[in-house]
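Work through the exercises below with the sequence and the structure side by side. Each one sets a task and then solves it step by step.

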Amino acid sequence: MTDTEIEITADLVRDLLREQHPDLADLGIREVAGGWGNQMWRLGDELAVRMQRMDPTPELQLNERRWLPVLAPRLPLPVPTPVRSGEPSARFPKHWTVMTWVPGTPLDRSSISRGDHAADALAGFLRALHVQAPADAPVSGDRGGHPKECTDGFDRFFHAVVPDDLADDVRAVWDDAVAAPEWEGPPLWVHGDLHPANVVVSDGTLTGVVDFGDVSAGDPAWDLAAAWVVLPAGAASRFFGAYERADAGTIRRARGLAAMKSLFLMLMGRNGDLGLPGGKPAWGPAGRAALERVLRW
């Protein structure tokens, strides 16, 4: 069954709660804007229901259930923590999870005005997250490796949406990342998907991180790309100074990955403008702004 065959409504969410977690079924339910692989519903004031939608397999939700309770206690920013598991049933043949709600507004619908504070907050968060992952940590098939493993994806995004006047400079950034040395340390925990829709903002600064479906063991450069993809112009230098652990090769890989992520956001924005499934109109401007920050570095 595909996402288009399942209409996820408030009534469905309430029915599932009544079946599996009846003590939560009387809390208020309202849909949360956004979401791609999963649809989010606010449950009361402190919880949310994460419904598997576009994700083709349950592994991403299961990884969150397994590892967020391990990671969350040592992270300095709020992250969603699973509190109940919803299992596939006749009513909804996919996984769903009740998680804590992270207050704030996603950055793709807000902005950061306190750039220095946000840079310090992100650096502190990633210093705490980027520790050696255990042997049984998940390994992502398309995130966490060297940029040279992602050339097909980069080329696809590049040819689809790169602005003609930026093409040569973007290609140069990517080629430099592909030529950068490999990550030589042990695989570290990485979020894997830091972009404007997966961080939340309050009072002009970064106040939470969400969507850990891609959490895995790998190269920290995947998260350090957020220096350009998430933070406003001029904040990347302060971020790397506060993070302290990124050598020149890691920054080169991170910058190339930031270019690729920016192109992906632009592609999703274009798809949204065209009304295509999964498209996000707000992501286009965010991606273009991020790409320009990458090129100004």
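**Exercise 1: two helices in contact**

In α4, the residues Phe154, Phe157, Phe158, Ala160 and Val161 meet Met260, Leu263, Phe264, Met266, Leu267 and Arg270 of α9, where contact means heavy atoms within 4.5 Å. The model is predicted, so that local features need pLDDT of at least 70 and side-chain atom pairs count only at pLDDT 80 or more, while totals for chains, interfaces and linings use all residues. Residues are numbered from 1 along each chain as its sequence is written, and side-chain values use heavy atoms, with hydrogens and water left out.

Task: describe how the axes of α4 and α9 cross.

Solution. Start with the axes, which are lines fitted to C-alpha atoms, for helices over the stretch in contact, with angles that run from 0 to 180 degrees between N-to-C directions. Those of α4 and α9 come within 9 Å and cross at roughly 50 degrees. This angle makes α4 oblique to α9, given that angles under 35 degrees count as roughly parallel, over 145 as roughly antiparallel, 65 to 115 as roughly perpendicular and the rest as oblique. Finally, α4 passes α9 in a left-handed crossing, a term for a near helix turned anticlockwise from the far one by less than a right angle.

**Exercise 2: the surroundings of Phe158**

Task: find where Phe158 sits, and decide whether Phe158 is buried or exposed.

Solution. First locate Phe158 in helix α4, residues 151-161; helices (H or I, at least four residues) and strands (E, at least two) are DSSP runs, numbered from the N terminus. Phe158 has a relative accessible area of 9% and is therefore buried, as buried means under 20%, exposed over 50% and partly exposed in between (1.4 Å probe, protein chains only). Leaving aside neighbours within four places in sequence, Phe158 is in contact with Ala167, Val170, Arg171 and Leu263. For Arg171, which is 13 residues apart from Phe158 along the chain, the C-alpha atoms of the two are separated by 8.4 Å.

**Exercise 3: a second partner of α9**

Task: state at what angle α5 and α9 pack.

Solution. Helix α5 (residues 167-179) and α9 pack at an angle of about 135 degrees, and their axes are 8 Å apart. That angle makes α5 oblique to α9. The contact involves residues of α5 including Val170, Val173 and Trp174, and residues of α9 including Gly256, Met260 and Leu263.

**Exercise 4: the buried side of α8**

Task: identify which residues of α8 are buried, and what they pack against.

Solution. In helix α8 (residues 236-243), the buried residues are Ala236, Phe239, Phe240 and Tyr243. They cover an arc of only 90 degrees around the axis, which puts them on the same side of α8; the arc is that of the directions from the helix axis to the C-beta atoms. The buried residues of α8 pack against α3 (115-129), α6 (221-224), α7 (226-229) and α9. Directly after α8 comes Glu244, whose phi is positive, near 75 degrees.

**Exercise 5: a positive phi in a loop**

Task: place Asp203 and determine how exposed or buried Asp203 is.

Solution. Asp203 lies in the loop between β8 (199-202) and β9 (205-209). The phi of Asp203 is near 50 degrees, a positive value in a residue other than glycine. With a relative accessible area of 69%, Asp203 is exposed.
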